[in-house]
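The exercises below are to be worked with the sequence and the model in view. Each task sentence is followed by a solution that proceeds step by step.

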Amino acid sequence: MAEPINPPRLLPSGDSAITVEFSRTIDDAANRRVLALDRVIAAEPIAGITETVPTYRSLLVHYDPVQVTFDALGEQLLARAAKAPPSEVGTRRWRIPITYGGEHGIDLEDVAKALQTTPDDIVARHAAGDYRVAMIGFTPGWSYLSGLDKSLHLPRRKEPRLVTPAGTISIGGIQTGVQCLAGPSGWHLLGRTPVRTYQLHRDPTFLLEPGDAVTFTAVDAKTFAEQDRAAEAGEFVAELVTP
Amino acid sequence: MSKLVVTSIGPASSVQDGGRPGSQRYGLTPSGAMDRLSLAAANTLVGNEPFAAVVEIGPFGATFTARGGAVRIGLAGASRNADIGGRPVAFDSSATLAEGETLNLGFARGGSFSYLAIEHGIEGEPMFGSLAVNARAGLGSPYPRPLQSGDELKTKAASSGAERRIELPAATDAPIRIVFGPQDDEFTEENKQLFLDSEWKISATSDRMGYRLEGAVIKHRDGHNIVSDGTVNGSIQVPGNGQPIVLMPDRGTSGGYPKIATVITADLGRFAQTSAGRPFRFKAVTMAEAQAEAIKFHALLHSLPDRLRGIDDFGLNIEALRDANVAGQAVNAVDVSTWQVALP
């Protein structure tokens, strides 16, 4: 086994949670270590942990201080983090339909202008991406994806929008993301997917897991409308490619 | 089938319970009562599980009418003028509305949220094991939104048991205790000290997602944009304008502002009850102290059934003393075993 590189920092988040921080920046290698620690904890549970929340650069570990102290849990987390992570074999890969531009992606043309290229070129580069769910947060099912082509990196909007549509796929900074519910956003809206990453009364309620691989397939607005109706009725319109 | 009909209610009032932890990794916020001790006390008064669903009532008044039979209720949290058809009702006690009677609740005094538990609980369809309203995510039952007049809370008919009251620790005005972190290193020692030395007020624009603080401007060492990471109830994040926001049970599960400190578990409910505009301070404690307090708070929640008393078991009217605003001293001066006033 290779020598473990920099151990993570243990940051107190109150008396009932520890932030295990691997990096202070968005960093693909750090995110892989976050997801690896999450898998190790799932495989070898530690008494007192109530839930874990993976993010880009850290794993938030909620625990019950009646069962375990900060110091004792911290030691166990560092030991788990130093272990060889379980392999990523079996990573699920999703193919998600998206209709780009027009009423469903109102920022596509402005993004093309800002990046001095054509909307078709933006679509081609975005749809060619091989993404990974780095974290899910903010609102139910809002999936932050890493792996955005560097040529699509663009600062967030100066004025966030108070409402953006359900299913929006957008870019912001060096990230792209799939949101499930309508809500506020400061990102640039490229398109929409009929896929519900979160749907109550469906099994599973949450479609994507942190660590899942994602690719996009461009579909036309008519296909979007058909799939949107099917998805509303509870059908899966995302395609599970592997395993 | 009895029901409690909401005949009038103000904003920030909704069905809440212990919340729905366990799915924060999917972006699902836990929600749940702002003041868990008062939630558990109200439920204990009517024989419910401590974290069963209740009505969390915001600062304004509200009225409820029993239909289809008698309804027994337990009241805890921020106290108010309360009566049932003109009969005064005390907080931290149970009471029964006969069919057709109306419970009138005034404005909250000395707090923001009151808790109305209904004996046998509120009927609803649990979502992720909880009836708690999270309006943004469309969750909650029987209504996935704040309560409105005309809403009906279905339950079973009141039992014939005696009314009870519950003896809770005296209220305190002590500073709200915090532990620094997770990102206190984004702030200079000078600014951390300023955070502790300042007098703060909660802004009127606060809600169940977060309490905005007004007071000193807390400056960051190098900018206010960090990479989003996970949040907890009580996370104190500092956005670009330097005015902290304390994250509450409807918070986003992740956030991108540096978090200077976290309110300790034992003080979360007391902090949630701090009225807008009322000055308060923070006090830093060590992790060991915070965890010892969390364990004591856990024990307090589990001691509630032992704190029930008969409604008439006093030699003096504690509620009247509390209303006269001398509660802290007066209640402490009563010997709990005899309910006689102990002279200092």
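**Exercise 1.** Determine how many bridges join strand β15 of chain B to strand β18 of chain B, and place both strands in their sheet.

*Solution.* Begin with the pair itself: β15 (residues 210-214) and β18 (residues 245-247) of chain B run antiparallel and are joined by 3 bridges, where strands (E, at least two residues) and helices (H or I, at least four residues) are DSSP runs numbered from the N terminus, and two strands pair if DSSP finds at least two bridges between them. Within this pair, B:Y211 has B:V246 in β18(B) as its bridge partner. This is a predicted model, in which local features need pLDDT of at least 70 and side-chain atom pairs count only at pLDDT 80 or more, while totals for chains, interfaces and linings use all residues. Residues are numbered from 1 along each chain as its sequence is written, and chains are lettered from A and ligands numbered from 1 in the order in which they are written.

Next, widen the view to the open sheet of 7 strands, whose order is β14-β15-β18-β17-β20-β13-β21 (chain B) and whose pairing is mixed. Because β14 (201-202) and β21 (282-284) of chain B each have a single partner strand, they stand at the edges, and one side of each is left without a neighbour in the sheet. Finally, add helix α2 (residues 189-197) of chain B, which packs on the sheet by touching β13 (176-180), β20 (259-263) and β21 of chain B, its direction making about 130° with that of β21(B); contact requires C-beta atoms, placed from the backbone, within 7 Å, and angles run from 0 to 180 degrees between N-to-C directions of axes fitted to C-alpha atoms, for helices over the stretch in contact.

**Exercise 2.** Describe the sheet of chain A and the helices that lie across it.

*Solution.* First read the strand order, which is β1-β2-β4-β3 (chain A) in an open sheet of 4 strands with antiparallel pairing. The edge strands, each pairing on one side only, are β1 (9-12) and β3 (49-54) of chain A. Then take the pair β2 (residues 17-21) and β4 (residues 58-63) of chain A, which is joined by 5 bridges, A:V20 having A:L59 as its bridge partner in β4(A). As a last step, helix α1 (residues 28-43) of chain A lies across β2, β3 and β4 of chain A at about 155° to β3(A), whereas helix α2 (residues 70-82) of chain A lies across β1, β2 and β4 of chain A at about 30° to β2(A).

**Exercise 3.** Is B:A158 buried or exposed?

*Solution.* Locate B:A158 in the loop between β11 (152-155) and β12 (164-166) of chain B. Because B:A158 has 23 C-beta neighbours inside 10 Å, it counts as buried, the cut-offs being 20 or more other C-beta atoms within 10 Å for buried, 12 or fewer for exposed, and partly exposed in between, with C-beta atoms placed from the backbone. Leaving aside residues up to four places away in sequence, B:A158 touches B:S2, B:A70, B:V71, B:R72, B:T96 and B:E119.

**Exercise 4.** Which elements give two or more residues to the side of chain B that touches chain A?

*Solution.* Start from the totals: 32 residues of chain B are in contact with 37 residues of chain A. The elements in question are β16 (229-230) and α4 (287-303) of chain B, and α4(B) supplies the largest share, 6 residues.

Notes
Two residues are in contact if their C-beta atoms, placed from the backbone, lie within 7 Å.
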